[in-house]
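Here are my notes on the model you sent. They go from the overall picture to single residues.

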Amino acid sequence: MNLLRRLVFATVVVFATTGGAHAQRVIPETAFVGDLEGIVVPEIRISGKRFRLAPGSKFRDRDNRIVVPVSAPQSGRIAFNFDLMGQVWGIWLLTPTEIELMKARGRDIKDVIR
């Protein structure tokens, strides 16, 4: 019984001390980078270009929480990708660290042909 108590205690300690740790989020290699200039469903304006939001598109804030487009920030540096129909499907509001990492990838919105 003493061994069982130690195992339970050790398990509780492990979960309690790692509860605040966040896994680094994954932004697809195919994502482009641009400046969000506004969302008026069903459109999104990125770096002076208008795109259509895909049905079921996902906007993730800096804490990786999914935010509905109506309550999403209207500006900021973002990464985004397209679905098979050419509509914006995934949007990630970038942290300062992620902005630097995305610069190294070199996939700016200027690479998008529209």
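1. Confidence. This is a predicted model, and the protein chain averages a pLDDT of 84, with 78% of the residues scoring at least 70. Residues 12-21 have a pLDDT below 50, and this stretch makes 0 contacts in the model beyond near neighbours in sequence. I would read the points below with that in mind.

2. Overall fold. The protein chain contains 2 helices and 6 strands. Along the sequence the order is α-β-β-β-β-β-β-α. Among contacts in the protein chain with a separation of 6 or more, 63% are between residues 24 or more positions apart.

3. Burial and surface. The protein chain has 114 residues, of which 31% count as buried. About 7,800 Å² of the protein chain is exposed, and carbon and sulfur atoms supply 61% of that area.

4. Aromatic pairs. The model has 5 aromatic pairs. One of them joins F32 and F80, with 6.1 Å centre to centre and 35 degrees between the planes, which makes the pair tilted. F32 belongs to strand β1 (residues 32-40) and F80 to strand β5, so this pair ties together parts that are 48 residues apart in sequence. Both F32 and F80 are buried.

5. Aromatic cluster. Which residues do the ring pairs link into a cluster? They are F32, F51, F80 and F82. The tilted pair of F32 and F80 is thus set within a wider group of rings.

6. Q87. Is Q87 buried or exposed? Q87 counts as buried because its relative accessibility is 18%, and the cut-off for buried is under 20%. Q87 is placed in the loop between β5 and β6 (88-93). Leaving aside residues up to four places away in sequence, Q87 touches R52, L53, A54, P55, N81 and F82. One of these contacts, F82, is also a member of the aromatic cluster.

7. V68 and the nonpolar patch. V68 sits in the loop between β4 (66-67) and β5 (76-82). V68 counts as exposed because its relative accessible area is 52%, where exposed means over 50%. On the surface, V68 forms a nonpolar patch with V41 and V70, and together they have about 310 Å² of accessible area.

8. Two loop residues side by side. Q87, in the loop between β5 and β6, is buried at 18%, whereas V68, in the loop between β4 and β5, is exposed at 52%.

Technical notes
Residues numbered from 1 in each chain as written. Predicted model: local features only at pLDDT ≥ 70, side-chain atom pairs only at ≥ 80, totals over all residues. Heavy atoms only, no water. Patch = residues over 30% accessible without salt bridge, like charges linked within 9 Å, V, L, I, M, F, W, Y side chains within 5 Å. Areas by Shrake-Rupley, 256 points an atom, 1.4 Å probe, with all protein chains shown as cover. Salt bridge = Lys/Arg side-chain N within 4 Å of Asp/Glu carboxyl O. Helix = DSSP H or I, 4+ residues; strand = E, 2+ residues; numbered from the N terminus. Buried < 20%, exposed > 50% of the residue type's maximum accessible area, 1.4 Å probe, protein only. pLDDT = per-residue confidence, 0-100. Contact = heavy atoms within 4.5 Å. Phe/Tyr/Trp six-rings, centres within 6.5 Å; stacked < 30°, edge-to-face > 60°.
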